[in-house]
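Colleague: I would like to learn how to read a model like this one, feature by feature. Could you walk me through it?

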Amino acid sequence: SCLFCFMIWLQSLLVGLLLWEGAASIFHVSVIGGQASVNHIESFGFVGHSRSNFTLVIRTLDVQSIREADSPDGSRTHLREPIGFSLERHFSVIEARHTQRHHNAFTLCLMHTNVSDRLTAIVASSGRPVATNAQAVLLPRNRNHDAPQVLDWSHQIDAPGLYSLFFFDCNRDSQYSYDIEVHEYNVRPDGGRMYQPIGKQPLASLNFLGSLVLGAGAYAWRAVLIEHRDRLKALHAVMFLVVACSAISSNWEAAPG
């Protein structure tokens, strides 16, 4: 069993090395029939200075007034307030989640708060003019026939920091559904891609180093168990398994993505 655990650790080590440059921070989010004012989707640490990539692929975006849901064609909407996506800086994920809870608790509009360097994409409204800092105007998309809308805000991310992606709906009598895919990474000076957020980049190296140390410890402990097999107890084998599993876990944590 000791040799088996060692081979598992060695295999995970090799797989981790192969995945070191190959994994990607790409995720998919789908919401159906949402009515919350604000959805905090994700936060990611960017290095900025034209060395960050953020691409939002909007596959479907359906918005509808609840009052018009039973209309004959089922397509009429009367959006008088902003609805769309926002990318803005926060000090922490906790602050971003607090923003979501605060706006939802009091049914506040995210666009009515002034945030510097905010990037927004807003569905065209039939009411008063919406925020003037909108970088794109979105159109409600039919689920079956329209092509995805792609927003590339890579060049607009200048300042380094933690950026949070929100979906917001400032209309109190509407419901929405959306299906999106987000691509985000940083670029090293040599042109390589870093798929870990800027604040978590050292964690991969630390986990990888920890995996090596734990793996070496498990191998040394295996040698001790073999040498003193006549006095081997069940507890000794359990101790070896704990160290070996910790080494394997640390190595998988080191693999980005």
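Colleague: Let me start with a single side chain. Does Phe 54 count as buried or exposed?

Modeller: Happy to help, and please keep in mind that this is a predicted model. Phe 54 has a relative accessibility of 1%, so this residue counts as buried, the cut-off being under 20%. Phe 54 sits in strand 3, which covers residues 52–65.

Colleague: Which residues does Phe 54 touch?

Modeller: Leaving out residues up to four places away in sequence, the contacts of Phe 54 include Phe 46, Leu 87, Trp 153, Ile 157, Leu 165, Val 182 and Glu 184. Take Glu 184 as an example: Phe 54 and Glu 184 are 130 residues apart in sequence, yet their C-alpha atoms are 4.6 Å apart in space.

Colleague: How does that fit into the chain as a whole?

Modeller: Among contacts between residues at least 6 apart in sequence, 80% join residues at least 24 apart. The chain has four helices and 10 strands, and their order from the N terminus is α-β-β-β-β-α-β-β-β-β-β-β-α-α. Of its 257 residues, 41% count as buried. The exposed area comes to about 14,200 Å², with 58% of it supplied by carbon and sulfur atoms.

Colleague: Now for empty space. How many cavities of 30 Å³ or more does the structure hold?

Modeller: The general idea is that rolling a probe the size of a water molecule over the atoms shows where empty space is left. In this structure there are two cavities of 30 Å³ or more. Let us look at the second largest, with a volume of about 30 Å³.

Colleague: Which residues line the second largest cavity?

Modeller: Phe 54 appears again in this lining, together with Glu 42, Ser 43, Phe 44, Phe 46, Leu 87, Tyr 163, Leu 165 and Glu 184. Two elements give two or more residues to the lining, namely strand 2 (38–46) and strand 8 (161–169). Strand 2 gives the most, with four residues. Sorted by class, the lining has six nonpolar, one polar and two charged residues.

Colleague: And the cysteines? Which residues form a disulfide?

Modeller: A disulfide is a covalent bond between the sulfur atoms of two cysteines. The count here is one disulfide, formed by Cys 109 and Cys 170 with their sulfur atoms 1.9 Å apart. The link of Cys 109 and Cys 170 is right-handed, with 70 degrees about the S-S bond. Cys 109 lies in the loop between helix 2 and strand 5, and Cys 170 in the loop between strand 8 and strand 9, so the pair ties together parts that are 61 residues apart in sequence.

Colleague: Are those two cysteines buried or exposed?

Modeller: Cys 109 is buried, at a relative accessible area of 8%. Cys 170 also counts as buried, at 12%.

Colleague: Last, the backbone. What is the phi of His 49?

Modeller: As a general guide, most residues other than glycine have a negative phi. His 49 has a positive phi of about 55 degrees although it is not a glycine. His 49 is placed in the loop between strand 2 and strand 3, and this residue is exposed at 56% relative accessible area. Thr 107 also has a positive phi, near 55 degrees. Thr 107 belongs to the loop between helix 2 and strand 5 and counts as partly exposed at 35% relative accessibility.

Definitions and conventions: Residues are numbered from 1 along each chain as its sequence is written. Side-chain values use heavy atoms; hydrogens and water are left out. On a 1 Å grid over the protein atoms alone, a cavity is a set of points where a 1.4 Å probe fits but cannot get out, and a pocket is an open set with protein on both sides within 12 Å along at least five of seven lines; lining residues have an atom within 4 Å of a point. Grid points are joined across faces, edges and corners, and a volume is the space filled by probe spheres set on the points. Ala, Val, Leu, Ile, Met, Phe, Trp, Tyr, Cys and Pro count as nonpolar, Asp, Glu, Lys and Arg as charged, and the others, Gly among them, as polar. Buried means under 20% relative accessible area, exposed over 50%, partly exposed in between (1.4 Å probe, protein chains only). Contact means heavy atoms within 4.5 Å. Accessible areas come from the Shrake-Rupley method with a 1.4 Å probe; for residues, only the protein chains shown count as cover. A disulfide is a pair of cysteine sulfur atoms within 2.5 Å.
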